[in-house]
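This briefing walks through a structure topic by topic, for a reader who will want to check each statement against the coordinates. Please keep the sequence and the structure open alongside the text.

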Amino acid sequence: MPERESNLDVDVEIRDARTAVLSVGGELDMETAGRLDGHLAEQLSQGRHHLVLDLSALDFMDSSGLNVLIRSLHRAREAGGDLYLAAPNSAVRRILEITGVTTTIPPHDRVAEALAAADGGR
Amino acid sequence: MSGPRFRDGDPPAGLPRDGVLPTPETPAGVTGLPPADSERPPTRDDCADGRLAATVERLRGEVRAAHAAAEGRALIELAKGVLVERLGCGPAQAARQLAELADRAGLSRLELAAEIINQAARDRVAEVAGEFVRTTIGESGTAGPADSVAVRLRTAESAALGAGDTQAVADSLLAHALEPLGAVAVAIWTTGQDASLSLRGHAGFGADEAARWHYVPPGVTTAAREALTGRRTVWYPSLAAAGIPSIGRARHPDGGRVVVPAGTGGRIHGVLEICWARPLDPQPQAVERQIEALAELCAHTLEALPEQAAPAHSLVPVGDGSPELAELSDGLYDPALVLTPHLDEAGRLADFRIRHANAHFQDPAGRPRGAVDGALLLEAYPATAGESELFERIERVYATGEPFRARRTRLTALVDQVPLTSLADISISRHGGSVLLIWRVEDESARVASLLQHAQRLGRVGAFEEDALTGEITWHGQLFELFGRRPTEAPVSLRDLAGHAHPDDHGTIRHFLQTVLHQRQVGSAAFRMLRRDGVTRHIRVTAEPALGVDGDLETVRGAYQDISSQHWTEVALTATRDQLAATEEAAEERNRLTLQLQHAIMPPVKPPLDAPALDVAVRYRPAETESLVGGDWYDAVVLPSKKVLLCVGDVAGHGVEAATGMVVLRNALRGLAVTGAGPGQLLSWLNSVAHHLTAHVTATAVCGIFDPGTRTLRWARAGHLPPVLVRGNEAADMPLLRGLLLGALAEAEYEEAELRLEPDDIVLMYTDGLVERRDTPVQDSVAQLLAVAQLPSDSLEQRLDQMLARSKSDTDDDTCVVGVQVF
């Protein structure tokens, strides 16, 4: 098995005291999931409980990545917030569908819609 | 004023106010007789050296003769000389004038001569004599003793001046000036360049005692030395009581002593020591002054001695500097100043003139050298007189000749009126009439050197140097301590090093010596040093050979470093590494365990399942990377109801935790399945198990219950890829029933579907290890899988192998495939 490096880019944009948009790009897998988890936990600890994940640049996600989404969803909801998924590509959307996550976190087509949902969730 | 004034404000008895002698105010014949009411007595430089000494010189022959016949005659001759000069007459006329005046004044010619000289000289002797007269007149009302004092002193002086050597001066002093004071002996010491004392003249001690005391080395404390170093007159009521040795103590142990520094212009040329036979009572101030005057007299004599370098004590020191000293100072690598004394009008030391600032001189205030060169010390550096006491030290060195050296002395310089303090090593020494002041400011490089020393100490490094020719070894710093040797012991040579090392390290040292001494290359070795005190130190030695021009080995330089602490650090590191390796082994062990667990629970090839109307085949392929062996599972078991439970699952993550989760979920499902509940219900329960019983575990699974009686398959899925149905030559994935992955929510419901199977239908359940690709959407991968799954094959087993073989997965996940075929 050739060595390969997983790349994950996470950009955090703080919208307001309660909302952050995390743009996730690259590959979200066993190696990189911890990093996204760290970013999400950081935002939650700062009181930003409404977390919008912009998945438009995400190419790949495995069960570990999915696990992070589920865990963060629980934490956000426990804190009175929520986790919003926006603009997954078709492959990622398929994964979300297969795993049934779409029934729990219906993904939004665009970030703006996710943000609107986040505002409505106040 | 019409007559001479012999003493200030005190007309002498018997001398006419309207004498023949011209008054200072009289223009005629006045060629320099100082005004009687001038504020200060004129210095000897003006009078004694100028005219009096010239006269003395002229009359020297006569004075010698007079000395033989009558000491007083010299005085008379002197007085005659004065008159000759003042009156512009010849000696005979002067003699007549003297006799005439003496008669008129009712004095002896000798007394008058002393008076005349006092008047002319206006020096210390005159002062003392005058004072003595006033005191005694006040006490007794007679002038006799006073006059005799003047005569005595002048006699002594003239004898001293006439004397060819200091010994004669001593004789004269004792005879004329000191015996009347009750003294029995006198010694005149001169100070050497090194602050030693030499006996230059003595009277009353005896030749043997004088021979014993001819030289007192520097640093030996005697009565005379006390006067020199203290720069003051010291009175000893009893020498024995003072417990201080000096010449003649054996003969007059209880006798009183006085020692007086004899100096001119701030420089002490010698010490006058006067000895009494009996203990000495406190003396009247007049006597003290008289003795100090005698000391001054001595000083002039000593100063004039040919052995003594002529000091520069003149008010006009131009040309008397010390070019040799300036030359010398320019050769020094430290800043230096050549100073010469600067006297005030009274002949007292007032300051030092900076005669030369050497090549390395740098003014702390940043002024050009020219601004300092030639200036007065106190004017250029007012701060020297302040707290640093530098001026006082220079003064003292100049006076005593005793050099002063001190390290890290605080120096203050005024820079723009701001006092700047620096630490400096100071050296002050007297050379002839000059003082050499050298200082070395503790600068950066010195500090770096000092830092280096500390660094060596802290680093436990000690340098060495070994001369290959002479075998001479120099050890620096703490090598003795490093080797556990006393500094008085000989250093250990490189060749003997093995004798101080652990036998196991002898080879290392031999190799090191071979490198350095024979191959002549830089060498280094680490060895265990066995010290005599039983301590073992780990030492690293590094050395380099220094070769001469002919290529011969000249010197070996290097350093030893105590690396014991580093050694133990390394030992600790090694231990950590070992532990790490052990951890790695443990990890491998864990991975093996995981795999064994997997295999134990799910043999890669399932033994034939005793299920009616159903052929079951399974394949489990663990991840190639052992640590990635994870949580895939399958199950195929005949339930008590004779229905068959078929299941494939995948716990997120890898390793022991995933495998443990897998075991929990698999066994839980088996147990739950016994209840006869449908697959939707089973997954709902399994979700609760995953959510509540295992921490942070999510899993996906597909669960089917096959009823052989009806050939129906009821199934549900939890976030898992739906099964594939191969019917005939076509493969299709089953619908994506609603069902969240396990453990995501506390409660979840799972959609169920039922499929009636036909004979030869094949149902495939698999984990995503079979299809997952990073560069391909899962739907595409599934499509490819379907294409492979529908390929014809001889058996179910072969079909599964075919699917595994053609798997395009690139995630090195473990992979599970369960296939069932109905017949």
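In chain B, strand 18 and strand 19 form a hairpin with five residues between them, and in the turn Lys642(B) has a positive phi of about 70 degrees. The model is a predicted one, and the predictor gives the complex an ipTM of 0.85 together with a pTM of 0.42. The points below start from this hairpin, then turn to a helix of chain B, to chain A and its contacts with chain B, and to confidence.

**The hairpin and its neighbour in chain B**

- Strand 18 (residues 630-638) and strand 19 of chain B run antiparallel and are joined by nine bridges, one partnership being that of Asp632(B) with Asp650(B) in strand 19.
- Strand 19 of chain B is also joined, by eight bridges, to strand 20 (residues 699-707) of chain B, and these two strands run antiparallel.
- Asp650(B) has Thr700(B) as its bridge partner in strand 20 of chain B, while Asp632(B) is the residue with which Asp650(B) is bridged in the pairing of strands 18 and 19.
- Eleven of the eleven residues of strand 19 (residues 644-654) of chain B are buried, and the strand is therefore largely enclosed by the rest of the structure.

**Chain B as a whole, and helix 23**

- Chain B contains 23 helices and 26 strands, and of its 823 residues 41% are buried.
- Among the contacts in chain B with a separation of 6 or more, 59% are between residues 24 or more positions apart.
- In helix 23 (residues 796-805) of chain B, the buried residues are Arg799(B), Leu800(B) and Met803(B); seen down the axis of the helix, these buried residues fall within an arc of 100 degrees, so they line one face of it.
- The cover over the buried residues of helix 23 of chain B includes strand 17 (614-621), helix 22 (778-789) and strand 26 (815-822) of chain B.

**The sheet of chain A**

- Chain A has an open sheet of four strands in the order 1-2-3-4, with mixed pairing.
- Strand 1 (8-14) and strand 4 (82-86) of chain A stand at the edges with a single partner strand each, so one side of each is left without a neighbour in the sheet.
- From one strand to the next, the twist of this sheet averages 20 degrees.
- Strand 3 (residues 50-61) and strand 4 of chain A run parallel and are joined by five bridges, with Val52(A) standing opposite Tyr84(A) in strand 4.
- Helix 1 (residues 33-45) of chain A packs on the sheet, where it touches strand 1, strand 2 (19-28) and strand 3 of chain A, and its direction makes about 10 degrees with that of strand 1.

**Contacts between the chains**

- Between the two chains, 22 residues of chain A are in contact with 25 residues of chain B.
- On the side of chain A that touches chain B, the elements giving two or more residues are helix 2 (63-78), helix 3 (90-98) and helix 4 (101-104) of chain A.
- The residues on that side of chain A divide into nine nonpolar, eight polar and five charged.

**Confidence in chain B**

- The pLDDT of chain B averages 76, and 74% of the residues score at least 70.
- Among the elements of chain B, strand 21 (residues 712-718) has the highest mean pLDDT, 96, and helix 5 (residues 124-140) the lowest, 50.
- Over residues 63-70 of chain B the pLDDT is below 50, and beyond near neighbours in sequence this stretch has twelve contacts in the model.
- Residues 132-147 of chain B also have a pLDDT under 50, and the model has 14 contacts for them beyond four places in sequence.
- Where pLDDT is low, the predicted coordinates should not be read in detail.

Key
Residues are numbered from 1 along each chain as its sequence is written. Chains are lettered from A and ligands numbered from 1 in the order in which they are written. This is a predicted model: local features need pLDDT of at least 70, side-chain atom pairs count only at pLDDT 80 or more; totals for chains, interfaces and linings use all residues. A residue is buried if 20 or more other C-beta atoms lie within 10 Å of its own, exposed if 12 or fewer, and partly exposed in between; C-beta atoms are placed from the backbone. The arc is that of the directions from the helix axis to the C-beta atoms. Two residues are in contact if their C-beta atoms, placed from the backbone, lie within 7 Å. pLDDT is the predictor's confidence in each residue, from 0 to 100. Ala, Val, Leu, Ile, Met, Phe, Trp, Tyr, Cys and Pro count as nonpolar, Asp, Glu, Lys and Arg as charged, and the others, Gly among them, as polar. Two strands pair if DSSP finds at least two bridges between them. Axes are lines fitted to C-alpha atoms, for helices over the stretch in contact, and angles run from 0 to 180 degrees between N-to-C directions.
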